[in-house]
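Reader: I would like a close look at one part of this model, namely how its first helix is packed and what surrounds it. Please take me through it slowly, in connected prose.

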Amino acid sequence: MLILWIVIILFFTLIPTPESPKLQETGVDKILHFGAYTILGLIGQAAVGFHSLTIGLSLGTVTELLQYLIPHRTVEFFDWLANVLGLGLGIGAYFLVRKVL
């Protein structure tokens, strides 16, 4: 499941699309980044434990930097920040759910 979710993130963050600027103007892209990495944090923590933090930070950083090379994509600090915050929420939610259950 973790590998599948990483592939989905790679696909949607690295394909060139003219829709990207529209999403950036409305801020919807930040919500998408946050949501994708929240799910990554949940799945990653369940699958590989503490390594989910390293995987998520690496994936978020590398994909954001690679977008510099892709038409209609831009490198944005706030996209990366949304990735990190979502990852943290996902990992935290995993521990909260484990504690409750």
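Author: What follows goes through the helix contacts one at a time and then turns to the largest pocket. The model is a predicted one, and the description should be read with that in mind.

Helix H1 covers residues 2-14, and its axis comes within 9 Å of the axis of helix H3, residues 28-48, with the two crossing at roughly 155°. Because angles over 145 degrees count as roughly antiparallel, that crossing makes H1 roughly antiparallel to H3. The handedness of this crossing is left-handed. On the H1 side, the residues that take part are Leu2, Trp5, Ile6 and Ile9, and they meet a set in H3 made up of Ala36, Tyr37, Ile39, Leu40, Ile43, Gly44, Ala47 and Val48. Sorted by class, the contact of H1 with H3 has 11 nonpolar residues and one polar residue, with no charged residue among them.

Helix H1 also packs against helix H4, residues 51-66, at an angle of about 20° and with the axes 10 Å apart. Since angles under 35 degrees count as roughly parallel, H1 and H4 are therefore roughly parallel to each other. Their crossing is right-handed. Here H1 contributes Leu2, Ile6, Ile9, Leu10, Thr13 and Leu14, while H4 contributes Ile55, Leu59, Thr63 and Leu66. The contact of H1 with H4 is made up of eight nonpolar and two polar residues, and it has no charged ones. Leu2, Ile6 and Ile9 are thus named in the contact with H3 and again in the contact with H4.

Helix H3 has a further partner in helix H5, residues 77-100: the axes of H3 and H5 come within 6 Å and cross at roughly 35°. This crossing is right-handed, and the contact of H3 with H5 includes 14 nonpolar, seven polar and three charged residues.

Helices H1 and H3 also take part in the largest pocket, where at least two lining residues come from each of H1, helix H2 (20-26) and H3. The pocket holds about 420 Å³ of space, and its lining counts 21 residues, with Phe12, Thr13, Leu32, His33 and Arg73 lying nearest its centre. H3 gives the largest share of that lining, six residues. By class, the lining divides into nine nonpolar, eight polar and four charged residues. Thr13, one of the H1 residues in the contact with H4, is thus also among the residues nearest the centre of the largest pocket.

Terms used: Residues numbered from 1 in each chain as written. Predicted model: local features only at pLDDT ≥ 70, side-chain atom pairs only at ≥ 80, totals over all residues. Heavy atoms only, no water. Axes fitted to C-alpha atoms, helices over the stretch in contact; angles between N-to-C directions. Helix = DSSP H or I, 4+ residues; strand = E, 2+ residues; numbered from the N terminus. Parallel < 35°, antiparallel > 145°, perpendicular 65-115°, else oblique. Left-handed = near helix turned anticlockwise from the far one by under 90°. Contact = heavy atoms within 4.5 Å. Nonpolar A, V, L, I, M, F, W, Y, C, P; charged D, E, K, R; others polar. 1 Å grid on protein atoms, 1.4 Å probe; cavity = no way out; pocket = protein on both sides within 12 Å on 5 of 7 lines; lining within 4 Å. Points joined across faces, edges and corners; volume = space filled by probe spheres on them.
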